[in-house]
Amino acid sequence: MEYSIVTHNLSKKFGSFTAVDKINLNIRPGDICAFLGPNGAGKTTAIRMLCGILKPSAGSGSVLGYDLLRNPEKIKENLGYMSQKFSLYYDLTVRENLNFYAGIYSLASKRRHQKIEEMINLADLAGREDQLVANLSQGFKQRLALSCAIISDPQVIFLDEPTSGVSPAARRSFFNIIQELANQGKTIIISTHFMDEAERCGQIAFFNQGQLLALDHPAQLKKHAVPGKLYRIEVEDPIRLLNKLRHWPGIKEVSLHGRSLHILLEEDRLAILKKYLGTEPKVIEPTLEDVFMALAKRKEGERYESNYLGN
Ligand SMILES: Nc1ncnc2c1ncn2[C@@H]1O[C@H](COP(=O)(O)OP(=O)(O)OP(=O)(O)O)[C@@H](O)[C@H]1O
Ligand SMILES: [Mg+2]
């Protein structure tokens with residue numbers, strides 16, 4: 001199977017409000033795809049449709065070859081889903097939670113025992129099997145929630161903001177587990193607000209107001225999504241210069257970062273700017289935030305040409 005997740009103009013309306021607007025996805029086994037975007041952009045709604053939990057209003061799609069509209073039950077059986085609120089039972093122990101989820105997926109008793117041990121190790125929970133979940137730290141809760149979601153060994157895994165509210169160290173160890181799962185050929189969708197996590201994903205899907213603005217590798221996005229070149233200059237009085245440069249022709253954007261300015265410049269304007277400043281501004285790589293800002297400003301008709309949006 002070339003793609004484990006495919007959608008064509010997949011949409012969801014709640015009444016007259018469009019929460020997801022004609023998204024086209026092509027995601028391969030072994031890919032980690034980050035869903036990035038502001039609150040309310042439609043990430044969770046898209047994930048819930050892809051999980052077969054929420055019926056699309058229009059468009060089509062398939063997960064692992066199963067059709068979203070005709071076969072949602074088959075999809076539900078074959079994927080792992082970690083919801084934005086970790087679905088753990090706080091008054092049960094670690095082992096009881098794993099046993100509960102093994103039961104939901106009807107794992108036979110021999111395999112169940114083996115999988116539970118495997119999941120305890122994956123989550124680094126050895127020695128805490130009999131602890132109540134209520135007393136676990138947030139990082140352990142998160143890893144246990146992941147273990148519960150993947151105890152049936154699903155080939156597609158949806159993780160909806162799994163790393164909010166956990167420490168940077170716990171986020172890193174969680175991400176290492178995810179990368180290991182992807183190396184085994186599993187497809188992973190992860191929604192996040194952390195740019196550093198998105199950087200580690202093979203693909204980023206940028207959502208804004210229900211639309212998918214782009215789907216591509218982080219490096220490709222940085223290279224192609226920002227129109228013009230980004231420069232940094234350090235000056236004595238950045239605010240005064242900011243106000244001066246704001247209305248310059250050829251400067252698409254100028255912003256203040258501590259004592260330096262970031263300037264988004266049209267390609268052919270460098271010589272004039274250099275002359276004005278009397279110094280050579282440094283070229284810098286755009287951040288994913290710069291990419292998002294640039295994508296959000298694009299108008300209909302100048303959409304980002306992704307490698308993976310398909311049609
Ligand atoms: N069941 C529902 N009924 C009506 N509106 C809904 C429903 N579910 C979601 N919405 C709306 O759809 C939009 C997209 O919501 P969604 O939860 O998908 O966003 P999100 O990108 O996951 O945001 P966040 O980053 O805050 O989790 C929001 O405006 C939300 O209020
Ligand atoms: Mg959400």
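**Exercise 1. Determine which residue in S2 stands opposite Thr7, and place the pair in its sheet.**

Solution. Thr7 stands opposite Leu25 in S2, in a predicted model whose local features need pLDDT of at least 70, whose side-chain atom pairs count only at pLDDT 80 or more, and whose totals for chains, interfaces and linings use all residues. Residues are numbered from 1 along each chain as its sequence is written, and chains are lettered from A and ligands numbered from 1 in the order in which they are written. Strands here are DSSP runs (E, at least two residues), as helices are (H or I, at least four), numbered from the N terminus, and two strands pair if DSSP finds at least two bridges between them. Seven bridges join strand S1 (residues 5–14) to S2, and the two run antiparallel. The next step is the open sheet of four strands, ordered S2-S1-S4-S5 with antiparallel pairing. Strand S2 (17–27) and strand S5 (66–67) stand at its edges with a single partner strand each, so one side of each is left without a neighbour in the sheet.

**Exercise 2. Describe how S7 is covered and which strands pair with it.**

Solution. Begin with burial, where a residue is buried if 20 or more other C-beta atoms lie within 10 Å of its own, exposed if 12 or fewer, and partly exposed in between, with C-beta atoms placed from the backbone. Five of the five residues of strand S7 (residues 156–160) are buried: Val156, Phe158 and Asp160 point one way, and Ile157 and Leu159 the other way. Turning to the neighbours, strand S6 (residues 79–82) is joined to S7 by four bridges in the parallel sense, with Gly80 opposite Ile157. S7 also pairs in parallel with strand S8 (residues 187–191), over five bridges, and there Val156 stands opposite Thr187. Finally, counting contacts as C-beta atoms within 7 Å, placed from the backbone, and leaving out residues up to four places away in sequence, Ile157 touches Leu79, Gly80, Ala149, Ile150, Leu181, Lys186 and Ile188.

**Exercise 3. Explain why S9 is largely enclosed, and identify its partner strands.**

Solution. Five of the six residues of strand S9 (residues 203–208) are buried, so this strand is largely enclosed by the rest of the structure. Strand S3 (residues 32–36) runs parallel to S9 and is joined to it by four bridges, Leu36 having Phe206 as its bridge partner. Strand S10 (residues 211–216) runs antiparallel to S9 over five bridges, and here Ala205 is partnered by Leu215. S9 and S10 form a hairpin with two residues between them, and Gln209 in the turn has a positive phi of about 45°.

**Exercise 4. State which residues touch the most other members of the largest nonpolar core, and from which domains the core draws.**

Solution. A nonpolar core is a set of buried Ala, Val, Leu, Ile, Met, Phe, Trp, Tyr and Cys residues joined through C-beta atoms within 7 Å. Of the 79 residues in the largest one, Ala34, Ile157, Phe158 and Ala205 touch the most other members. This core draws at least three residues from each of domain 1 (5–217) and domain 2 (227–285), bounds that come from an automatic or database domain assignment. The centres of the two domains, taken over C-alpha atoms, are 41 Å apart.

Notes:
Two residues are in contact if their C-beta atoms, placed from the backbone, lie within 7 Å.
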